[in-house]
Amino acid sequence: MDWPVSVALAQSVPELPTGTDWSYEVKLDGHRMIMWRTGDGVRLQARSGRDVTAAWGDLALAGLHLPAGTVLDGEAVITTEDGRISFEAAQARAASSPTRARRLAAQRPAHYIAFDALQLPSGDVRSRPYSERRAALLNLLAELPANTPIQAVSATTDRDTALTWYTTLHHEQGVEGIVAKRATSPYRAGRTGGWQKIRHAETVDADVIGYTGPQTRPRALAVRLPNGRTALTQTLSAPLAAQIAQVLVAAGPAEQGRTDTDETYTKIPSGLAVVEVLAGTTRHAVVTPVRLR
């Protein structure tokens, strides 16, 4: 399997599918991450394909207990003192320098919640049914030390149980939603694999086409939404601005552009970055940036 691997994505649906061949997993609000256990170490890949090992050194260290040749898909999460999952803490870690990331890891260690196996020491397993990959994942993680931060995501084949998780764990633990996967489905990149999701706060992916403010400290992003609308986001949080700045600096010189509402911004090449945003459907709806993809 070649680095980086393209990840499978879930299609948003208004309600969970029914039937006897579905499995339902809790959807956690962290950072999507592929964990590669190579022959000589561990590499961590973001959804975008970036190498994020330096920011998540504690998880890389834990991954050394996996057998060489293992590739897992999952979510890096950080919890607060009351046990709730904190996306803000995960975002701060992801945007940190290696030195600051080590300090944050000492204060709030991360957990890696694995929900799929892409490769085992025996080879690539993406073509196998989900039910087989899930069983292999559980067997693999059962061999890890008892105090490992690498855990399997909670899953059930009972739809009523999944809906109970959806309604109760959102406030208690910060669970973002539920993902449904067919037991017979292979692991396919993009949204072609049949995964479905329901979320408490629905978001969309938007193509970053520019920014406002300095290149090294952007204030807001210009984005193109799935419906074609271009707009400026609200002001970026400091951690997200730091992440975006790395992409913008690499983009080099650019020209000025204008959104649909005639707001000016500095252009960058389309396709260079994608952000997840909360966005309304009206022409002048507020667009709130959530995370870099």
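Let me start with helix 2 and what surrounds it in this predicted model: the buried residues of helix 2 pack against strand 3, strand 5 (71–77) and strand 18, and also against helix 1 (57–63), helix 3 (98–107) and helix 6 (238–251). Helix 2 itself runs over residues 87–94, and it is mostly covered, since seven of its eight residues count as buried. Those buried residues are Phe87, Ala89, Ala90, Gln91, Ala92, Arg93 and Ala94, so that both Gln91 and Arg93 appear in the list beside the alanines.

Stepping back to the whole chain, the secondary structure comes to six helices and 18 strands. The radius of gyration is 19 Å, close to the 19 Å that the globule rule gives for 293 residues, and the protein is therefore as compact as a globular protein of that length. Along the principal axes, the C-alpha atoms fill a box of roughly 55 × 45 × 40 Å. Of the 293 residues, 51% count as buried, and the accessible surface comes to about 13,600 Å², with 50% of that surface belonging to carbon and sulfur atoms. As for the contacts, if we take those between residues at least 6 apart in sequence, 66% of them join residues at least 24 apart.

Now to the interior spaces. How many cavities of 30 Å³ or more does the structure hold? There are two of them, and I will take the largest one before the other. The largest cavity has a volume of about 320 Å³, and of the 22 residues that line it, the closest to its centre are Lys27, Arg32, Glu75, Phe115 and Val179. Four strands each supply at least two residues of this lining, namely strand 2 (22–28), strand 6 (111–120), strand 10 (175–182) and strand 11 (196–199), and strand 2 gives the most, with four residues. What I would ask you to look at is the make-up of that lining by class, which is ten nonpolar residues, twelve charged residues and no polar ones.

The second largest cavity has a volume of about 140 Å³, and 15 residues line it, those closest to its centre being His31, Arg32, Ala46, Arg47 and Leu292. Arg32 is thus named among the residues closest to the centre for the largest cavity and again for the second largest. Here strand 3 (31–37) and strand 18 (287–292) each supply at least two lining residues, with strand 3 giving the most, at three. By class, this lining has six nonpolar, four polar and five charged residues. Strand 3 and strand 18 were also on the list of elements that the buried residues of helix 2 pack against.

I would like to finish with three individual positions and one peptide bond.

Ser185 sits in the loop between strand 10 and strand 11. Is Ser185 buried or exposed? Its relative accessibility is 7%, and because the cut-off for buried is under 20%, Ser185 counts as buried. Setting aside residues up to four places away in sequence, Ser185 touches Arg128, Pro129, Tyr130, Arg133, Gly193 and Trp195. Its C-alpha lies 9.7 Å from that of Asp21, although the two residues are 164 apart in sequence.

Ala60 belongs to helix 1, one of the elements that helix 2 packs against through its buried residues. With a relative accessible area of 11%, Ala60 is buried, and beyond its neighbours within four places in sequence, Ala60 is in contact with Val42, Leu44 and Thr53. The C-alpha atoms of Ala60 and Arg37 are separated by 8.7 Å, and these residues are 23 apart along the chain.

Ile209, in strand 12 (residues 204–212), is buried with a relative accessible area of 4%. Leaving out neighbours within four places in sequence, the contacts of Ile209 are with Ala222, Val223, Arg224, Thr230, Tyr265, Thr266, Lys267 and Ile268. Between Ile209 and Gly257 there are 9.0 Å from C-alpha to C-alpha, for a separation of 48 residues in sequence.

Lastly, the peptide bond from Trp3 to Pro4 is cis, with omega near -10°, and Pro4 is placed in the segment before strand 1 (11–12).

Technical notes:
Residues numbered from 1 in each chain as written. Predicted model: local features only at pLDDT ≥ 70, side-chain atom pairs only at ≥ 80, totals over all residues. Heavy atoms only, no water. 1 Å grid on protein atoms, 1.4 Å probe; cavity = no way out; pocket = protein on both sides within 12 Å on 5 of 7 lines; lining within 4 Å. Points joined across faces, edges and corners; volume = space filled by probe spheres on them. Nonpolar A, V, L, I, M, F, W, Y, C, P; charged D, E, K, R; others polar. Rg over C-alpha atoms; globule rule 2.2 N^0.38 Å. Buried < 20%, exposed > 50% of the residue type's maximum accessible area, 1.4 Å probe, protein only. Contact = heavy atoms within 4.5 Å. Areas by Shrake-Rupley, 256 points an atom, 1.4 Å probe, with all protein chains shown as cover.
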